[in-house]
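Dear colleague,

I am passing on the structure we spoke about, with the sequence alongside. Please look it over first, and then read the notes that follow.

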Amino acid sequence: MQPIITIRHLAKNYGEKVVLKDINLDIFPGQIIGYIGPNGAGKSTTVKILTGIIQEYSGEVMVFGTNLRDSILEVKSKVGYIPELAELYDLLTPREYLNFIGKLYHLSDDVIEDRSRKMLNSFSLLENMDQRMDSFSKGMKQKVLITSGLLHNPSIVIMDEPLSGLDANAVILVKELLQALKQEGKTIFYCSHMMDVVEKVSDRIVLINNGNIIADGTIGELREQSADTLEQIFSRLTSGGNQIQAADDLAAAMNAGG
Amino acid sequence: MNRFLLFLIMLPAALWHGLGADVVQLKAILDTKLKLDDRKPLPIGRQQKQKKIKFGSLINAVMFLFMGVLYMMPIITVNDRIASLTIYFSMLTAIITFMLITDFSNVLFDSRDKYILFPRPINDRTLVLARLLHVVIYLVRVVFPLALPGWVALGYMDGWKSATLFTIPLLLLVFLALFLVNCIYLLILRLAKPEKFKDVINYFQVFTSVIFFASVYLFPRLFDRKNPTDFNILKYAWVRFTPSYWLASCWSWIGYPVAISGSAVYSGLAVVVPVACMFILVKYLTPSFASKIAGIDSADTGGYKPVQNGKRPGGLYKKLAYAFNVSDEARAGFIIAWLQTSRSRSFRMRVYPSFAFIPIYFYYTLTLGGESFSEVMSKLPDTSKHLFLLYFSSFVMVSALSYITMSDQYKAAWVYYATPVMVPGRIMIGAFKAMWVKFFLPFYILLAAFVLYIWGLPAILDVLLAVINVTMFICAIARINMRHLPFSIIEQTKQSGGRILKSMGAMFILGPLGAGHYFCVHLLWLKLLFIALSSVLLWLIWTSYANTTWASLVRSENEQ
């Protein structure tokens, strides 16, 4: 099978600071990739390159068999991006925001309206469709963002902490959605800190640290050497497992006199 | 200044302790509140989010002092003391009331208190006293610099008696203003939905800004120091029903002549009414007022009616977006610009005052020669001053356009980069059109109606040529200086040298255009030629802006 995304020697630096050193990755259609790493490891930078937001990098990224640099618009039109932190224009209502996004994907008004209503209904947000989002909770905004990322029926869905701020029911919904999208043959690039979710939903887990991939495989493969959970594997590989000592130090600091 | 004010307010610490407040907590709360006041954006002028404001209250004090100098004009120029003080107190009450309305909700009743102070072990008396003392400090900060010049002028002109008396009506005036503000707030709360409350307050901010601007330009003209006025208050006998007149009539106590009889009654009212107002305020209004104001934030989601299954009728903006744009990207730009500018309070605060600035400034320039307004108006049709008005309208559009690229939520602009947008210029031109249709066109139509009314139908060609030239000018400014996607950049505090030079270059375009128009104002064939040439030039600049590529967008971002 041909990989849908191929990354070769991907590197990126901001001035002196090297964020990505040498990323090499093949992603196959219908896979759910859990892309994990500590803060500042380079996860978001990888995502921004894949979505075409960052266009200055070295190395090669092939999507749908074509070089990302050469066919950026074509790739963008087939990729759905769901960022973290609910970055949206919250003075608009969901209907207005989705209409705006839909226009950027050249969707007709009817298609936008129909899909928006159905998707927001699934998120129990239909009745808030004409309410300004500045009064929305973080979770509600995140649901609108997820809708906006899926509105154009993309083949690849790139999610950066999509569960951020969602309540338990919405988390279950999104987890089920990931499986449903997979059944439809969509490829999902799932970036998160929530180890238990990544462990459950991902076909394959890619762990990056300091701009390099340090582990790549199914959860079974990663566990081969020990019976650890993904969280323990993550901690061992990225910080040497010394979090217990750090927690003890923090607790001790509360009793320090001065 | 904060340390000094805090020192003063904490002098009677024993009293505060006696009233049941925790003095250490009280001082800590007030210290923090004063620091926050110092760092909040200034009430007028361009608010710049990124700029760290350090000495806000000191800058405010200097500004208020300057306003105070303008406001004391009637004291110096109007001969009748009672009349002069009536005008002075009216202006002072107006500005203090407006200042209080704009600041009361966001400064004095900070909704963050709910999360930061309320969960801490602070007793109610400390909280109430902290709030009360904060209001007192705020009032001192506003009223003292505003009233100081008038006070000094009175002392200098009338002697110590007048200066000493001044403090009493001033205090009464503050009582009145506080009462007025409370009533206005309660009225707004009653009439407007809670979620609209902040919008209404926002309009008051806009008005305050306009009052400041109008004061600066018009007061020196109205009250000319070189020509003291014999102001006959009897012509305006209705003033006896205004509190400002009552306050002014207190000067009858120290022997100043009063033209309207019954000064004992009016000066009595000056004392009784504000004190009664204060009593009502403290006894009945304040308790519910504080809780209502505090409830505004939590009421943000209230009053919303869920949509039913039926389709919502398409808005006007959508119809216009389709009418004025061909591509989807341009429609998206049009829609986002239209909606965001309707909703953003900071945009309103920055752009709306410019609509008032133009007539004020026009009036200012008309009366520069020292003639009265009616004289100027009668001669107006013989002049070419309509060109000034028409060309000056570009100010509205430049002001709207300069803020359309900026947003607090600039990070939300990731959508432009993650979606398949081939030519970002299309989004930009869509946004440009939205601003043109929404802000410039209605305003220009009003100006054009005024121009045609005064100068007659032949001026229609001038209206046409000016609209082409002004659109070309603003499009050039946008092309040179604002080549950014809508709401995509963080607000800039400083413009780079290159940008300033470019802006100045663009400003130079308008000068020759206006001058050229002035020279051909009576030459029909030249004017028609000018219209044709300007149209071609406009088309060229327009196309260039609409075809802005990603590469040129990045270049322009790097230049920042």
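**What was found**

In chain B, Phe7(B) is part of helix α1, which covers residues 2-9; please keep in mind throughout that this is a predicted model. Phe7(B) also belongs to a nonpolar patch on the surface, where it is joined by Phe4(B), Leu8(B) and Leu11(B), and the four together have about 430 Å² of accessible area.

Next comes the interface. The size of an interface is often given as the accessible area lost when the parts come together. Between chain B and chain A the buried area is about 3,800 Å², and carbon and sulfur atoms give 60% of it. Chain B brings 42 residues to the contact, while chain A brings 38 residues.

As for specific pairings across the interface of chain B and chain A, 9 residue pairs are found in polar contact, counting those with both residues at pLDDT 80 or more, and the rule finds 1 salt bridge there. Side chains of opposite charge can pair when their charged atoms come close. The salt bridge joins the side chains of Glu96(A) and Arg343(B), with 2.8 Å from N to O.

On the side of chain B that touches chain A, at least two residues each are supplied by α13 (316-324), α14 (328-343) and α19 (414-418) of chain B, and α14(B) gives the most, with 9 residues. Sorted by character, the residues of that side of chain B are 22 nonpolar, 10 polar and 10 charged.

Finally, a search of the whole structure, taken over all chains, finds 18 salt bridges. One further pair that you may wish to look at lies in chain A, where the side chains of Lys78(A) and Glu74(A) meet in a salt bridge at 3.6 Å, N to O. Lys78(A) and Glu74(A) are 4 residues apart in helix α2 (residues 72-78) of chain A, and therefore about one helical turn separates them.

With best wishes

Methods
Residues are numbered from 1 along each chain as its sequence is written. Chains are lettered from A and ligands numbered from 1 in the order in which they are written. This is a predicted model: local features need pLDDT of at least 70, side-chain atom pairs count only at pLDDT 80 or more; totals for chains, interfaces and linings use all residues. Side-chain values use heavy atoms; hydrogens and water are left out. Patches are made of residues with over 30% relative accessible area and no salt bridge: like charges are joined within 9 Å, nonpolar side chains (Val, Leu, Ile, Met, Phe, Trp, Tyr) within 5 Å. Accessible areas come from the Shrake-Rupley method with a 1.4 Å probe; for residues, only the protein chains shown count as cover. Contact means heavy atoms within 4.5 Å. Buried area is the accessible area (1.4 Å probe) that two parts lose on being put together, summed over both. A polar contact is a pair of N or O atoms within 3.5 Å; within protein, one must be able to donate a hydrogen and the other to accept it, and residues adjacent in sequence count only if both atoms are side-chain atoms. Ala, Val, Leu, Ile, Met, Phe, Trp, Tyr, Cys and Pro count as nonpolar, Asp, Glu, Lys and Arg as charged, and the others, Gly among them, as polar.
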